[in-house]
Every structure is written in C-alpha cells, then in structure tokens.
Amino acid sequence: MLVHPSYLAIQFYFTGGIILKKRFAVLLLAACLLTACGNKSQISTGSKPLDNAVYSTEQISLAPYTGLKAEKKVYTVTEDAVDNAVREALLEYAEYNPVKRPSRESDWVYGDFQASIDGSTVVNEEDYEFILGAEEYGEEFDQKLIGVSVGDTLTFSLDYDEEFTDVEWAGNTVDFEIKVTDIQEEILPEATDDFLKKNMSYNSYDEFREAMRQSVADIYEAESTNELQQDLLEQVIDASRILQYSREDYDKARETIEGGYMSYVEMFGMNSLDELYKSFEMTKEDVEEEIQTYLYRTLVINAIIENESLSLSDDDYKEGVAYYMKENGYESESEFLNDYGEEEIRRQLLEDMALNLLVNSAEITEKEAEYENA
C-alpha cells in the first residue's frame with residue numbers, strides 16, 4: 001500500500017498498541033460472518049435504507065457528505081521541533097569516533113547483548129548498537145549504559161509495562177547481560193555557510209534553518225489534514241447504512257487486514273497471526289471488527305466516488321505518480337509501478353479525490369494545538 005501523508009489505510013485501523021488513530025462505530029457482524037451466512041455471494045446486515053440518502057444502491061444508503069462540520073488542528077512549530085529537524089538533516093554527514101572515556105548521552109555503545117525472559121533467551125546479538133538517548137528499550141535501559149567503559153559487563157533486570165512497544169517484552173521482567181565492546185562519539189558537522197553551500201545547496205544557515213522550519217510545518221499540515229479527513233469520513237460512515245455487501249468485498253477486506261498484521265508477525269519473528277493476536281490480547285471478534293471497519297470504509301468511499309462520478313485525467317494520473325514516487329522515495333517510475341501496480345495507484349488517487357471533496361465542502365473551524373509525536 002502506498003505511503004501517504006494524509007492516509008495509510010492499514011495503519012489507520014491497527015490496534016493492539018502498534019498504531020491506533022481512531023475507530024469507527026460500526027455494526028459488528030461476527031455471528032453472521034461465522035455461522036449463518038455461509039458462502040452466500042451477498043451478506044445482509046439487516047439495516048434499513050436512510051430517508052435522506054444522497055445515493056442509494058442495494059449495498060449502501062449513503063448519508064449527506066457535504067457541508068459537514070469539523071475542527072482542524074493548527075499545530076504550532078516550536079523552536080525545539082526546528083532544532084530536531086536541523087539535527088536530523090545534519091546526521092547524514094555525522095562522523096563517529098571511538099572514545100576511551102566512559103559513555104555519555106548521545107554516544108553509540110556497542111556490545112554483545114543478551115536478553116532473557118523467564119530464563120528463555122529472546123535476544124542474542126554480537127556488537128549490537130545502542131544510541132544513548134534514543135530509548136529503544138526505554139529511558140531506564142539507556143541510563144544503565146551511561147558511564148560504562150569498553151570491557152565492562154553489565155547484568156540487570158527491568159520491568160516493562162503492558163504498553164511497551166515490543167510485544168514480547170510488554171508486561172514482563174527482562175534480564176539483560178551486556179559486554180561493552182566499543183563506544184563511539186557522534187560528531188555532527190558545523191553548519192557553516194561554506195559547509196551548507198558545498199553539501200546541502202543552502203547559501204546560509206538562516207536559509208537552511210528556514211527550510212527545516214518549513215519542512216516541519218509541511219509535516220504538521222499533512223498530519224492535520226489527515227486527521228481532518230478521517231474525522232469527516234467517520235461522520236459519513238456513522239451516518240450511512242450498509243445494507244449488504246458481497247462475500248468478495250468481505251474477503252478483500254479480510255486479506256488487507258490480515259496482510260497488514262502479517263507484516264508484524266514477520267517483524268517480531270512470530271510464527272502465526274494467532275500468536276500475534278494473543279500477544280495483543282485480541283479476540284476473534286476484535287479482528288472481525290477491524291475487517292468490518294475497513295470494509296465499511298471502502299464501501300462508503302466507493303459510493304462517494306460513484307455518486308460524484310470522480311475520474312482521473314491523464315494529467316491527474318501523471319501528477320499522482322510523481323507525487324507518490326517522491327513521498328515513497330522512488331527515482332525509477334518503472335520500479336514504482338512494478339511495486340504497486342497501476343490499479344492500486346489509480347485507486348489511491350481516486351480515494352484522495354473523495355477525501356479532498358469532503359474537506360473542501362466542509363465547514364471547518366481551526367484550533368491551535370501542540371503537536372505530539374506518537
């Protein structure tokens with residue numbers, strides 16, 4: 001699926017502590033899906049059509065979707081955020097030098113690393129790198145590695161709460177043994193005018209910093225627009241009624257959701273979806289709700305596209321390909337098309353048009369807000 005700053009469908013729905021944006025209030029049809037419906041080509045929800053529907057088919061009774069009201073957050077660009085963007089840009093040119101002193105904040109500590117839970121080894125790596133301050137394994141873990149020297153061996157245990165990002169460690173006591181093999185100091189280049197002109201095509205530090213400020217502002221605007229689009233779409237889904245859907249549509253939704261979760265199965269080195277669901281404390285009903293949510297969203301967006309007769313011109317398609325290539329870091333158009341396929345790209349571009357229509361026709365109130373990283 002295309003990485004989109006305004007919407008990434010799989011991420012939008014994932015729960016269990018991975019990524020959670022919002023949940024739509026939808027009818028859970030687990031009983032029908034698991035028993036009575038069998039293999040019928042059409043599955044009825046039992047809902048009745050709306051009296052004020054703006055578009056109706058045998059599948060959907062679509063509620064009015066223009067003139068909606070919503071609040072858009074205007075995120076404040078702080079100097080700390082700009083400082084972080086400046087640092088991230090300079091990291092590409094950083095140097096790393098071994099040091100003989102004890103480790104300190106921002107150092108890179110390398111070590112033979114073993115982590116165990118209840119006596120069972122869950123990590124066993126040589127020359128593993130820890131960036132002190134990145135808090136990959138939590139703030140307390142990083143503090144344990146501050147002040148160590150090459151040759152030191154550390155053994156300690158930490159308790160991780162249920163919300164910790166590593167699902168295998170969450171809610172467990174983890175025992176660590178680390179033998180420090182190297183400590184390196186990260187040295188960022190000085191952002192002088194000469195350095196910036198030579199390496200980053202900026203004429204001055206002020207110009208460079210202003211570009212970083214604009215980059216942060218663009219990210220904030222994309223996130224704000226994303227949240228606004230999903231708020232408006234949620235209103236439409238909640239007000240609309242799905243009357244029935246095809247088994248094929250349901251199967252596609254299931255494949256999408258399960259396919260997304262499978263990427264986490266592989267990431268965490270698990271053996272099955274059931275193992276992942278268990279680690280997230282998800283029931284079969286939870287998974288069915290995820291599928292229903294994705295299915296309903298797809299049906300509503302398709303109905304808007306059909307009702308508005310939205311279509312892509314050749315220029316729309318070319319501009320969309322160029323945009324997504326840039327957002328996903330592609331330089332070769334043929335490689336991009338091979339990875340995603342023209343059908344997927346066109347589908348995403350039509351979805352963008354539908355979401356933008358909701359925003360452009362809505363009554364929006366802006367509100368200043370502080371940006372919080374997920």
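Here is a friendly set of questions and answers about this predicted model.

User: How many helices and how many strands does the protein chain have?
Analyst: Let's start with the overall picture of this predicted model. The chain has 374 residues, and 42% of them count as buried. As for its helices and strands, there are twelve helices and twelve strands.

User: What share of the contacts in the protein chain with a separation of 6 or more comes from residues 24 or more positions apart?
Analyst: Here we set aside pairs with a separation under 6 and look at the contacts that remain. Among those, residues 24 or more positions apart account for 72%.

User: How much of the accessible surface of the protein chain belongs to carbon and sulfur atoms?
Analyst: The accessible surface comes to about 20700 Å². The part that belongs to carbon and sulfur atoms is 44%.

User: Which residue forms a salt bridge with Arg 209?
Analyst: Side chains of opposite charge can pair when their charged atoms come close. By the salt-bridge rule, the count for this model is 16. In the one with Arg 209, the closest N and O atoms are 2.7 Å apart, and the partner is Asp 83.

User: How many residues apart are Arg 209 and Asp 83?
Analyst: Arg 209 sits in helix α6, which covers residues 205–239, while Asp 83 sits in helix α3, residues 79–91. The pair therefore links distant parts of the chain, and its two members are 126 residues apart.

User: Is Arg 209 buried or exposed?
Analyst: Its partner Asp 83 has 36% relative accessibility, so Asp 83 counts as partly exposed. Arg 209 has a relative accessible area of 16%. Because the cut-off for buried is under 20%, Arg 209 is buried.

User: Which parts of the chain does the salt bridge between Glu 185 and Arg 104 tie together?
Analyst: The two side chains meet at 3.4 Å, N to O. Glu 185 counts as partly exposed at 24% relative accessibility, and Arg 104 also counts as partly exposed, at 43%. They are 81 residues apart in sequence, so the pair ties together strand β9 and the loop between β5 and β6.

User: Which helix holds both Glu 342 and Arg 346?
Analyst: These side chains meet in a salt bridge of 2.7 Å, N to O. Glu 342 is partly exposed at 42%, and Arg 346 is partly exposed at 28%. The two are four residues apart, about one turn of the helix, and that helix is α12.

User: Which residues do salt bridges that share partners join into one network?
Analyst: We have already met two members, Arg 209 and Asp 83, which form a salt bridge with each other. The full network is Glu 79, Asp 83, Arg 209, Glu 210 and Arg 213.

User: Which residues gather in a patch of negative charge on the surface?
Analyst: One of them, Glu 105, lies in the loop between β5 and β6. Glu 105 counts as partly exposed, with 47% relative accessibility. The patch is made up of Glu 105, Glu 135, Glu 139, Glu 140 and Asp 159.

User: What is the distance in space between Leu 62 and Asn 52, C-alpha to C-alpha?
Analyst: Leu 62 lies in strand β3 and is buried, with a relative accessible area of 0%. Leaving aside neighbours within four places in sequence, its contacts include Leu 50, Val 236 and Ile 304. Leu 62 and Asn 52 are ten residues apart in sequence, and their distance in space is 8.6 Å.

Definitions and conventions. Residues are numbered from 1 along each chain as its sequence is written. This is a predicted model: local features need pLDDT of at least 70, side-chain atom pairs count only at pLDDT 80 or more; totals for chains, interfaces and linings use all residues. Side-chain values use heavy atoms; hydrogens and water are left out. Buried means under 20% relative accessible area, exposed over 50%, partly exposed in between (1.4 Å probe, protein chains only). Contact means heavy atoms within 4.5 Å. Accessible areas come from the Shrake-Rupley method with a 1.4 Å probe; for residues, only the protein chains shown count as cover. A salt bridge is a side-chain nitrogen of Lys or Arg within 4 Å of a carboxyl oxygen of Asp or Glu. Patches are made of residues with over 30% relative accessible area and no salt bridge: like charges are joined within 9 Å, nonpolar side chains (Val, Leu, Ile, Met, Phe, Trp, Tyr) within 5 Å. Lys and Arg count as positive and Asp and Glu as negative; His and the chain ends are not counted. The place of a charge is taken as NZ of Lys, CZ of Arg, CG of Asp or CD of Glu.
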